[in-house]
Each structure stands twice: as C-alpha cells, then as structure tokens.
Amino acid sequence: MDQLNHIMLIIGLLLSCSIFASRISSIMGLPVLLLFLILGMLFGENGFLLEIQFSNYNLAFYIANLALAVIIFDGGCQTSYFTFKTSSKPAIILSTFGVLITTLIVGALVYYIFKMSFFESLLVGCMIGSTDAGAVFSLLGSNGVSLKNKVQGPLEIESATNDPMAIFLTITVIEIIKSGVSTAAGGPETFTMSNALLFFMKQFSFGIVFGILFGYLGRMLLNAISIPNSLYSLLVLGVAFTGFAITSAMDGSGFLAIFIIGMIIGNTALKQLRYIRPVQDGLTWLSQICLFLMLGLLVEPPNLLIHAVDGLIVACIMAFLARPVAVFLCLKLLFKFSTRELLFMSWVGLRGSVPIVLAIYPIMNEIPHADLFFNTAFVVVIFSLLVQGATILPVAKFFDVYAPSSTAPVSKGQMGITIDDDYEIFNYEIKHKSCQDQLLSEIKFPNRTMVVSVFRKSMILHPVSRMKLKKGDIISIIGHSDDELLLNTIFNSDTPIKKVHYPYSGDILLSGEADMTEIAEKYGLVITSKEQLLTLGDFLSYHLGGIPTVGDRLTVIDCRFTICEVFGSQIIKVGFEKLENNI
C-alpha cells in the first residue's frame with residue numbers, strides 16, 4: 001500500500017509541476033515541451049528532486065507510440081478538408097522527398113566530420129530527418145503562434161505525415177547494419193532491397209486505406225449509436241486505436257492512418273463533436289506531458305554532456321543546411337512560395353519526441369554505439385525546441401508570415417436542432433474600440449445569422465435596431481459554422497462594415513407578411529423552392545442579414561425591395577420598384 005501511495009504521489013507531483021511549467025513557459029517565452037523535458041531530467045535518476053529510476057527502453061517505446069498516436073489523432077481532428085486540400089501537395093513532398101534529402105545531407109556530413117561508418121552516419125540522419133507533430137501542433141495554431149494558412153497548413157500536415165518515411169529509413173538502415181554484423185559473424189544475410197521497398201509501399205498504402213476505412217467507420221458509429229455524451233470521445237478514440245493497431249500489424253503506418261481517421265471524424269457536421277473536442281484536448285495535453293516527462297526521465301545528463309558538442313554540430317547541420325536545402329529543392333520550383341516563406345518553413349523544421357523515439361530503435365536492436373545515437377538525438381531535440389521553437393514568433397514576424405489570430409467567440413455550441421448542418425450559437429465579447437457605441441442595426445452580419453440577445457452586466461437585453469453596443473457586452477448570434485470566420489472578422493475589424501440606408505420614394509407598398517410565391521408570380525420574380533415558403537419579411541431578413549432597419553434594400557435581378565417600416569426585428573412594410581434595363 002505504501003508503494004502504491006508513493007507511485008500516486010510521484011504521478012501527482014509530476015502532473016502538477018508540468019501544469020505549472022506550462023504557465024512558466026508562457027511567461028518566459030519558452031516552448032512548454034522543452035520544460036516538460038527538463039522536468040523529466042530533474043526528476044530522473046541523476047536529477048536532484050525525486051531521483052526516479054527509469055531505464056526501461058521497451059516500455060518507453062510503447063508509451064511513446066501510444067502518446068504520439070493520441071497527439072497525431074488530435075492534429076487530424078483539427079485539420080480541415082480545406083487546409084488539407086490546399087496544403088497536402090507541398091506537405092506530402094516535404095514528408096517524403098524532404099525527409100530523404102535531409103537524411104542524406106546529415107548522413108553525408110556526419111560521415112565526413114566524425115569519421116563514422118557510412119550506414120551509422122546515415123542512421124543519425126534517419127533519426128532526425130522528420131519534423132515532430134507534437135512540437136508543431138503545440139507551438140502553432142490555436143495553442144501557439146498563428147501563421148498564414150499558406151505556411152501553417154503545409155507545416156502541420158508535413159509533421160503528421162512524415163513519420164512513415166522516417167520509420168522506413170530508420171528500420172531499413174538498422175536492418176542493413178544488422179545484416180552486415182550478421183554476415184561478418186558468419187550468419188545469414190537477412191536484408192534485401194526488395195523487402196525494404198515492399199515495406200515502404202505497405203507503410204503508405206495501408207496507412208491511407210485503413211485510415212479512410214476506419215475514419216468513415218467512426219463517423220458512421222457516431223451517427224448511428226446513441227450513448228451518454230461523455231462516452232463519444234472514448235468511442236472515437238477506440239476506433240482510432242483499433243485502426244492504428246490493425247494498420248501497424250499489416251506493416252502500414254499507424255500514424256498516417258490515425259491522422260486520416262482524425263481528419264475524417266473531425267470534419268463531420270455531427271453535434272457529438274462538441275462533446276468530443278474538450279475531452280480530446282485534455283487527452284492530448286496529458287499525452288504530451290507524459291511523453292516528454294518520460295523521455296526526460298530516460299536520459300542520463302552525464303552521458304548527454306559527453307555527446308553535447310557532437311549533438312550541437314549535428315543540430316546546426318540539420319537546422320542551417322539540411323532542412324533549408326530540402327525545403328528549397330522540394331518547393332521552390334513546384335509551388336508559389338516566396339523566398340521569405342521558404343526560409344521560415346526551413347527554420348520551423350521542429351524536432352521533438354519522434355527523433356528520440358526513433359533513437360530507441362538502435363537500443364532495442366542492440367546496434368553498436370546505440371548510446372551515441374540516443375544522446376545525439378536528444379541534444380538535437382533540445383536545440384530545436386530551445387533555439388527554433390522559442391524564436392518562432394519573432395522569426396514569423398521578420399519573414400512576414402505571422403497572422404494575428406482574429407477575435408474568436410468566448411463560447412459556442414451547436415443548437416441540437418438538426419442532425420446534420422446544425423445551427424450554432426456564437427457568443428462574442430465586445431472588446432474592440434470601434435464597436436463602442438455602434439448601432440446594432442448598422443453592423444452587416446452574414447445573411448444566415450440572427451442576433452438573439454445582448455448581455456450587459458449580467459442583464460439580458462432584447463436586441464433592437466437602435467441599440468448601441470458597449471465595451472464588455474456579450475452578444476449572442478445564431479448561425480452556421482461557415483459564418484464563424486465572417487463573424488470573427490466583424491468583431492476584430494478596426495472599422496465594422498456599416499449598412500447603407502436608402503430612402504424610398506415609390507408608390508408600391510407591400511406587407512412584410514405577404515407570401516413570396518404570390519409576389520414572384522405577380523412581378524415575374526424567379527425564386528427557389530425554399531424561398532417560395534417564406535414571407536416577404538423573412539425573405540428580406542434572410543438575404544440582408546442582421547437586424548432589419550428602415551432604408552435597407554435588396555435588388556434581385558430587375559426587382560428592388562426597400563424596407564419602409566419595422567417593429568423590433570419584424571419587417572412591416574416594404575417598398576417595391578421594377579427596374580428598367582436590368583440596372
């Protein structure tokens with residue numbers, strides 16, 4: 001029982017210190033993942049806090065793969081189809097040819113500088129050739145620095161899809177080394193190039209096929225099964241892990257599969273996602289904490305110091321030569337990236353947990369100098385997080401790829417009205433000075449949205465056209481998910497778009513309750529089948545958006561409608577004009 005309490009105490013202290021470290025990281029401007037690594041080293045056998053003895057590389061390998069699977073699955077959930085469609089081509093080229101070029105350059109220079117054997121030098125390049133999804137997703141996006149989509153999309157997708165190439169290269173080189181050792185000792189030669197190529201094809205093909213298969217299976221189960229809300233996140237995680245395991249058992253890339261599974265599930269319009277995302281976010285943070293703490297516990301600082309100089313040389317080769325050359329060779333001629341964008345993408349080739357996990361392979365396979373590989377990879381990761389990770393923001397601003405995040409809703413959630421394509425409620429706080437004393441009726445909201453309430457000092461106010469917004473107000477708006485970017489722009493803009501009001505001087509006045517079918521037949525107006533079911537007032541409210549006010553007008557082909565009288569948010573009278581010459 002005392003041992004159990006001791007274990008619980010250690011876990012509690014490690015988690016608590018890690019959470020405080022995340023706060024320290026935001027104050028000091030250091031990547032939080034680096035602080036998790038340092039904490040692990042301080043609590044480790046050669047540290048001075050708890051002196052936890054942990055040297056089980058096999059267990060570390062399994063825990064690391066489990067944590068990486070959760071991190072990459074969450075990255076897939078956060079990747080939109082639009083981002084993947086626009087960024088997948090450069091990302092996939094970087095995740096294949098880019099990793100290969102980086103590996104060859106690092107391997108060649110290590111061979112030249114350190115006089116190691118050729119394949120041992122190449123193994124160093126294989127281990128650090130890929131960027132790390134945990135580091136990239138942690139330091140970019142909603143939790144970190146916001147970049148222009150043209151740059152951020154390829155970086156994130158590359159980090160999630162380059163593991164198959166890195167694993168293939170690492171395993172292939174290890175098999176070559178083992179085959180050479182076996183042959184020298186008089187044993188049979190086990191490695192063949194055909195086996196390596198077959199393994200490479202399986203990694204990508206099975207990863208893609210099983211990723212799509214289990215992604216749609218997860219989406220189908222979410223839609224078909226009714227379970228308590230708290231269980232949906234466990235359901236999709238179970239499907240994702242099943243897909244990962246089956247893919248890996250078939251020699252496919254489980255990491256590629258689980259990323260695709262996450263992307264397919266994350267891009268569904270089902271309301272269950274609002275229960276999944278908060279839980280998934282917490283699990284991802286827990287995975288990152290456990291992964292980097294464990295890797296910190298695994299390293300021995302005295303051995304790290306012995307290989308520090310060699311590791312720094314390799315890190316500089318990777319950051320200042322191999323990665324930039326790979327990025328420019330892969331992207332400069334094929335895609336429309338500027339030199340500044342390519343230089344930034346070269347700098348943000350972040351290394352994190354993946355190189356360290358790959359460095360466990362030589363230890364598990366009892367490759368000569370395995371300790372050298374592990375400690376060198378660890379130094380490279382520390383350099384990458386400390387130098388490259390900590391300077392992302394100033395470098396992004398210097399290369400003009402930084403995109404300040406727009407105002408986001410303080411909260412949002414699906415209404416639960418329909419199964420698919422559901423309405424959502426967005427709650428925005430009025431922060432920008434340009435919105436102070438702004439008339440609600442003068443803000444041009446998207447045409448599918450409706451302002452439902454305004455909260456001021458804990459009081460709920462009915463939204464009317466003459467209401468003036470005040471700083472600190474919370475405004476609630478119902479719309480679709482597609483409306484969010486437009487709403488973010490409105491509440492982040494220096495000069496909100498105002499409606500233009502036009503006087504009406506014609507003779508034809510129509511009732512807001514008039515049936516649109518009758519109006520269309522009478523005045524030769526072509527409308528859709530859905531619009532035929534609306535009243536004139538609803539028709540105008542839908543197309544104009546926001547709160548209707550006197551003077552708003554809408555032109556449809558050769559017909560012009562002008563709002564002449566409103567009561568609250570209800571349109572009472574509408575002026576009608578038939579235009580000449582389609583003007």
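**Exercise 1.** In this predicted model, decide whether E366 counts as buried, partly exposed or exposed, and then describe its backbone.

*Solution.* Begin with the cut-off, by which a residue is exposed when its relative accessible area is over 50%. E366 has a relative accessibility of 71%, and therefore it counts as exposed. Next, locate the residue in the chain: E366 is found in the loop between α16 (353–364) and α17 (370–388). Finally, look at the backbone angle, where phi of E366 is near 55 degrees, a positive value in a residue other than glycine. For comparison, most residues other than glycine have a negative phi.

**Exercise 2.** Find where D251 lies, and explain why D251 counts as partly exposed.

*Solution.* The first step is the position, since D251 belongs to the loop that runs between α10 (232–249) and α11 (254–266). The second step is the accessibility: buried means under 20% and exposed means over 50%, with partly exposed in between, so D251, at 33% relative accessibility, counts as partly exposed. The third step is the backbone, where D251 has a positive phi of about 70 degrees, although D251 is not a glycine.

**Exercise 3.** Which residues form a nonpolar patch on the surface, and which helix gives the most to the patch?

*Solution.* Start with the members, which are I7, I11, L15 and L286, and which together have about 300 Å² of accessible area. Then turn to the helices, where α1 (residues 2–28) gives the most to this patch, with three residues. As a single example, take I7, which has its place in helix α1 and which, because its relative accessibility is 40%, counts as partly exposed.

**Exercise 4.** Work out how strand β3 pairs with β5 and with β4.

*Solution.* Consider β5 to begin with: β3 (residues 450–456) and β5 (residues 474–479) pair in the antiparallel sense over five bridges, and V454 stands opposite I475 in β5. Continue with β4 (residues 459–461), which pairs with β3 over three bridges, also in the antiparallel sense, and here F455 stands opposite I460. Lastly, examine the turn, for β3 and β4 form a hairpin with two residues between them, and K457 in that turn has a positive phi of about 55 degrees.

**Exercise 5.** Which residues touch the most other members of the largest nonpolar core?

*Solution.* This core has 125 residues, of which V106, L291, L331, F344 and F378 touch the most other members. To look further at one of them, leave aside the neighbours of L331 within four places in sequence, and L331 is then in contact with P90, L94, F337, L342 and M345. A second, separate core has 19 residues, including L510, I527, L536 and L544.

Notes
Residues are numbered from 1 along each chain as its sequence is written. This is a predicted model: local features need pLDDT of at least 70, side-chain atom pairs count only at pLDDT 80 or more; totals for chains, interfaces and linings use all residues. Side-chain values use heavy atoms; hydrogens and water are left out. Patches are made of residues with over 30% relative accessible area and no salt bridge: like charges are joined within 9 Å, nonpolar side chains (Val, Leu, Ile, Met, Phe, Trp, Tyr) within 5 Å. Accessible areas come from the Shrake-Rupley method with a 1.4 Å probe; for residues, only the protein chains shown count as cover. A salt bridge is a side-chain nitrogen of Lys or Arg within 4 Å of a carboxyl oxygen of Asp or Glu. Helices (H or I, at least four residues) and strands (E, at least two) are DSSP runs, numbered from the N terminus. Buried means under 20% relative accessible area, exposed over 50%, partly exposed in between (1.4 Å probe, protein chains only). Two strands pair if DSSP finds at least two bridges between them. A nonpolar core is a set of buried Ala, Val, Leu, Ile, Met, Phe, Trp, Tyr and Cys residues joined through side-chain atoms within 4.5 Å. Contact means heavy atoms within 4.5 Å.
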